[in-house]
Amino acid sequence: LTAWKRSRQSAPIEREHLGQAIITGLLYVRNAPNFRRILSRTALFLFPASALLALLPVAAAHRWHLGADGYGVALGAIGFGSVLAVAVAARLRERVSDNALLAASAAAYAIAPLAVIWLPFAAATPFLVLSGMAWLITLTTLNAAAQLSLPRWVMARGLAMYLLVSTGSQAIGSYIWGA
């Protein structure tokens, strides 16, 4: 960082007030149908997808009769799937459109909660790996789409909205599924 040579600006930039910056960001999102579609897809995936992560401790304890170690293995299977997705995602993106990839990932992720409900732990574990792959592929696809669709002048505000929608969908979904 100390060796980084930043370009000098010819004139100081006049900064917006915080309130006006927030309003400008909200107005942009309101008037950007493509970005709103990305936010909708994010919420429509993460709200129901949060059920698996919210209810996995309950399933591990009461369905599979596992302790903390077994729950850790279940979470590790999801994490392992995410790592596998890094190796597979680029090749999938070359062959399949983003829309088809998002639909396939959502369908693949939807299988995991069913597997947790109906299958013993050993049989459900591959589906947890698949859910980790689907999770990472979906979120990287949506995140990249969000970044590529935003103009530079509103990127930070738009990504803040994206993070608000994604973490908010997970939080609300986890609460509702847990209840």
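These legends go with several close-up views of a predicted model.

**View 1. The whole chain is built from helices.**
Let's start with the big picture. The protein chain holds six helices and zero strands, and reading from the N terminus its elements run α-α-α-α-α-α. Along its principal axes, the C-alpha trace spans about 65 × 35 × 35 Å. The radius of gyration is 20 Å, while a compact globule of 179 residues would come near 16 Å. Of the 179 residues, 33% are buried. The accessible surface adds up to about 11300 Å², and carbon and sulfur atoms own 67% of that area. Take the contacts with a separation of 6 or more: 78% of them join residues that sit 24 or more positions apart.

**View 2. Helix 3 carries a kink.**
Follow helix 3 from residue 68 to residue 95, a run of 28 residues. From the first C-alpha to the last it reaches 40 Å, close to the 40 Å expected at 1.5 Å a residue. Where should you look for the kink in helix 3? It is centred on Val 88 and amounts to about 45 degrees. Several residues of helix 3 are buried, including Gly 70, Ala 74, Gly 81, Ser 82 and Ala 89. The cover over the buried residues of this helix includes helix 2 (33-63) and helix 5 (121-149).

**View 3. Ile 78 sits among residues from elsewhere in the chain.**
Ile 78 is found in helix 3. Is Ile 78 buried or exposed? Ile 78 counts as buried because its relative accessible area is 11%, below the 20% cut-off. Leaving aside neighbours within four places in sequence, Ile 78 is in contact with Leu 52, Leu 53, Leu 56, Leu 128, Ser 131 and Gly 132. As a guide to distance, the C-alpha atoms of Ile 78 and Ala 122 are separated by 14 Å, with their positions 44 residues apart along the chain.

**View 4. The largest nonpolar core draws on several helices.**
In soluble globular proteins, nonpolar side chains tend to be buried together. The largest nonpolar core here has 21 residues, and those that touch the most other members are Leu 52, Leu 56, Trp 64, Tyr 109, Val 116 and Leu 128. Helix 2, helix 3, helix 4 (98-118) and helix 5 each supply at least two residues of this core. Which helix gives the largest share? That is helix 2, with seven residues. Zoom in on Leu 128: beyond its neighbours within four places in sequence, this residue is in contact with Leu 52, Leu 56, Trp 64, Ala 74, Ala 77, Ile 78 and Val 116. Another core, of 14 residues, lies apart from the largest one, and among its members are Val 29, Leu 150, Val 154 and Met 161.

**View 5. Ser 169 is tucked into helix 6.**
Ser 169 has its place in helix 6, which covers residues 155-178. Ser 169 counts as buried because its relative accessibility is 10%. Apart from neighbours within four places in sequence, Ser 169 is in contact with Ala 43, Leu 46, Phe 47, Ser 50 and Leu 164.

**View 6. His 65 lies in a loop.**
To finish, look at the loop between helix 2 and helix 3, where His 65 lies. His 65 counts as exposed because its relative accessibility is 65%, over the 50% cut-off. What is the sign of phi at His 65? Phi is positive, about 55 degrees, although His 65 is not a glycine.

Notes:
Residues are numbered from 1 along each chain as its sequence is written. This is a predicted model: local features need pLDDT of at least 70, side-chain atom pairs count only at pLDDT 80 or more; totals for chains, interfaces and linings use all residues. Side-chain values use heavy atoms; hydrogens and water are left out. Helices (H or I, at least four residues) and strands (E, at least two) are DSSP runs, numbered from the N terminus. Buried means under 20% relative accessible area, exposed over 50%, partly exposed in between (1.4 Å probe, protein chains only). Contact means heavy atoms within 4.5 Å. The expected span of a helix is 1.5 Å times one less than its number of residues. The bend at a residue is the angle between axes fitted to the seven residues ending there and the seven starting there. The radius of gyration is taken over C-alpha atoms; the globule rule is 2.2 Å times the number of residues to the power 0.38. Accessible areas come from the Shrake-Rupley method with a 1.4 Å probe; for residues, only the protein chains shown count as cover. A nonpolar core is a set of buried Ala, Val, Leu, Ile, Met, Phe, Trp, Tyr and Cys residues joined through side-chain atoms within 4.5 Å.
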